[in-house]
Amino acid sequence: MRLVVGISGGSGIPYAQGVLQALKDLNVETHLIVSSGAKRVMTAEDSGPQLPDLTALASQVHEDRDLAASVASGSYRTDGMLIIPCSAGTLAKVAHGMADNLLSRAAHVTLKERRPLVLVVREDPLPRPMLLNLLAVHDAGASVMTASPGFYHAPESVAQLLHFVTARVLDQFGLDVPGFRRWKEPSSVREADQ
């Protein structure tokens with residue numbers, strides 16, 4: 001399997017790190033694109049993952065300004081793309097077909113080729129223009145998700161909350177993340193026997 005992973009300038013870079021780690025563990029080929037906005041957010045949130053942490057997890061890294069990269073063409077086959085986190089600006093570009101950088105171009109290609117595109121937004125509250133853009137990308141064929149974890153699995157750490165989001169995002173591509181407890185599934189063999 002081959003997936004394009006985009007990281008844009010929304011807060012929430014640890015979500016991207018979790019997804020990249022899970023994809024590496026699942027032996028999925030990843031093509032990473034990090035926007036200039038994401039790079040600025042990483043330096044502002046200096047306690048979180050930094051660019052070397054993320055690029056080390058990717059199979060291949062593309063510069064956001066490289067519109068001649070493989071993933072800029074529909075003839076380069078992938079199994080889809082996800083943008084995590086997806087900033088309001090990147091969402092607007094995808095919603096309106098603005099392909100002025102590799103991140104938005106790869107998303108455009110993913111939509112035009114009818115491949116799965118998952119946008120994970122992490123911004124609240126949602127103003128009307130953003131709501132309209134969410135509807136536009138949905139209508140264009142993308143899946144829109146929020147980086148909001150569930151609590152039915154009784155998380156005991158931030159890592160477990162991040163893991164929940166990772167698993168739900170990768171569900172969109174038919175990938176199972178080990179250690180993810182689904183709704184109404186037993187958490188142990190003992191519980192299954194009761």
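User: What counts as a polar contact here?

Analyst: The model is predicted. A polar contact is a pair of N or O atoms, and within protein one must be able to donate a hydrogen and the other to accept it. The pair must lie within 3.5 Å.

User: At the start of α5, which residue's side-chain oxygen reaches to the backbone nitrogen of L103?

Analyst: A polar contact needs N or O atoms within 3.5 Å. At the start of α5, the backbone nitrogen of L103 has a side-chain oxygen within 3.3 Å. That oxygen belongs to N101.

User: Is helix α5 largely enclosed by the rest of the structure or not, and how many of its residues are buried?

Analyst: Buried means under 20% relative accessible area. Among the buried residues of α5 are L102, S104, A107 and T110. The helix covers residues 102-112 and is largely enclosed by the rest of the structure, because the buried residues number 8 of the 11.

User: Which residue with positive phi follows α5?

Analyst: The phi in question is near 60°. The residue that follows α5 with this value is R114.

User: Which helix or strand gives the most to the largest nonpolar core?

Analyst: The largest nonpolar core has 34 residues, and I7, L23, L32, L82, I84, V169 and L170 have the most contacts inside it. At least two residues each come from β1 (2-7), α1 (13-25), β2 (29-34), α2 (36-44), β4 (81-86), β5 (117-121) and α7 (158-171). With 7 residues, the element that gives the most is α1.

User: How many residues does the second, separate core have?

Analyst: This core includes L102, L103, L111 and V137. L102, L103 and L111 are buried residues of α5. The size of the second core is 23 residues.

User: Which residues does UniProt list for "binding site", and why do they gather at one spot?

Analyst: The listing comes from an unreviewed UniProt entry. The residues span 17 residues in sequence, yet no two of their C-alpha atoms are more than 13.5 Å apart, so they gather at one spot. One lies in the loop between β6 (143-146) and α7, and the other in helix α7. They are Y152 and R168.

User: Is Y152 buried, partly exposed or exposed?

Analyst: Partly exposed lies between the 20% and 50% limits of relative accessible area. Y152 has 32% relative accessibility, so Y152 counts as partly exposed.

User: Leaving aside neighbours within four places in sequence, which residues are in contact with R168?

Analyst: R168 is partly exposed, with a relative accessible area of 32%. For Y152, the contacts beyond four places in sequence are F164, F180, R181, R182 and W183. For R168, they are M145 and F180.

Notes
Residues are numbered from 1 along each chain as its sequence is written. This is a predicted model: local features need pLDDT of at least 70, side-chain atom pairs count only at pLDDT 80 or more; totals for chains, interfaces and linings use all residues. Side-chain values use heavy atoms; hydrogens and water are left out. A nonpolar core is a set of buried Ala, Val, Leu, Ile, Met, Phe, Trp, Tyr and Cys residues joined through side-chain atoms within 4.5 Å. Buried means under 20% relative accessible area, exposed over 50%, partly exposed in between (1.4 Å probe, protein chains only). Helices (H or I, at least four residues) and strands (E, at least two) are DSSP runs, numbered from the N terminus. UniProt positions are given in the numbering used here, feature names are shortened, and annotations may be inferred rather than shown by experiment. Contact means heavy atoms within 4.5 Å.
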